[in-house]
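Me: I've got a model open on my screen and a few things to ask about it. Can we go through them one at a time?

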Amino acid sequence: TGSGKTMIGMLCIQDFLRTLRPGQSALVLVPTSNYQQQWIGELCFNRIGLSLPPELVYSGTPGQFERFKRRTGSHPAVILMTYAALAQAGSGVGKGGFDVDSIEMFLHLANVQYVVLDEVHKVVEDMNSVSADVTRQVTM
């Protein structure tokens, strides 16, 4: 705690942003929606953060991301999502489950070039969890 892991992740994103072309993204996976909010604060609003314009950062689910892109016509450079939300990519409401093909399709359609796995030490606490399944999928 407090060792600067998020800061290292942000520095990686800062470096990624130098090489991303329009329409490409870096994906940040986090364990909870609270972490999503913390990352938004750090990326956009904290004076020692990256001070990114909020329109460069998207936070939500894969389904919301597709609707956002259709509605706005924009493609954010940084996508924040929980491991569980990504696991539900392509799943109908209430369907649940883990859909490998839908995750692959989302990563392709979102043109994800880089992935930051936040709090990954919590993921490996249960290698049978959905978060561990997602982590295996995005690192293959």
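Reply: Sure, and one cut-off before we start: buried means under 20% relative accessible area, exposed means over 50%, and partly exposed is what lies in between. Keep in mind that this is a predicted model.

Me: OK, S51 then. Is S51 buried, partly exposed or exposed?
Reply: S51 sits in the loop between α2 and β2 (57-59). Its relative accessible area is 48%. Exposed would need over 50% and buried under 20%, so S51 comes out as partly exposed.

Me: Which backbone angle of S51 is positive although it is not a glycine?
Reply: Here the backbone of the loop residue S51 is what counts. S51 isn't a glycine, yet at about 55° it has a positive phi.

Me: And N111: what is its relative accessible area?
Reply: N111 is in the loop between α5 (100-109) and β4. It also has a positive phi of about 55° without being a glycine. N111 counts as partly exposed, because its relative accessible area is 28%.

Me: Turning to helix α1, how far apart are its end C-alpha atoms?
Reply: Helix α1 covers residues 5-19. With 15 residues at 1.5 Å a residue, α1 should span 21 Å. That agrees with the model, where the end C-alpha atoms of α1 are 22 Å apart.

Me: What arc do the buried residues of α1 cover around the axis?
Reply: The buried residues of α1 are G9, M10, I13 and F16. They're on the same side of α1, because around the axis they cover an arc of only 115°.

Me: Which exposed residues does the face of α1 turned away from its buried side carry?
Reply: The buried side has cover that includes β1 (25-30), α2, β3 (78-82) and β4 (112-117). The face turned away from that side carries the exposed residues I8 and R18.

Me: Which residues make the nonpolar surface patch?
Reply: One of them, M7, lies in helix α1 and is partly exposed at 30% relative accessible area. The patch measures about 260 Å², and its members are M7, L11 and I48.

Me: Last one: leaving aside neighbours within four places in sequence, which residues is Y35 in contact with?
Reply: Y35 lies in helix α2 (residues 33-45). At 18% relative accessible area, Y35 is buried, since the cut-off is under 20%. Setting aside neighbours within four places in sequence, its contacts are V30, D118, E119 and K122.

Technical notes: Residues numbered from 1 in each chain as written. Predicted model: local features only at pLDDT ≥ 70, side-chain atom pairs only at ≥ 80, totals over all residues. Heavy atoms only, no water. Helix = DSSP H or I, 4+ residues; strand = E, 2+ residues; numbered from the N terminus. Buried < 20%, exposed > 50% of the residue type's maximum accessible area, 1.4 Å probe, protein only. Contact = heavy atoms within 4.5 Å. Patch = residues over 30% accessible without salt bridge, like charges linked within 9 Å, V, L, I, M, F, W, Y side chains within 5 Å. Areas by Shrake-Rupley, 256 points an atom, 1.4 Å probe, with all protein chains shown as cover. Salt bridge = Lys/Arg side-chain N within 4 Å of Asp/Glu carboxyl O. Expected span 1.5 Å × (residues − 1). Arc of directions from axis to C-beta.
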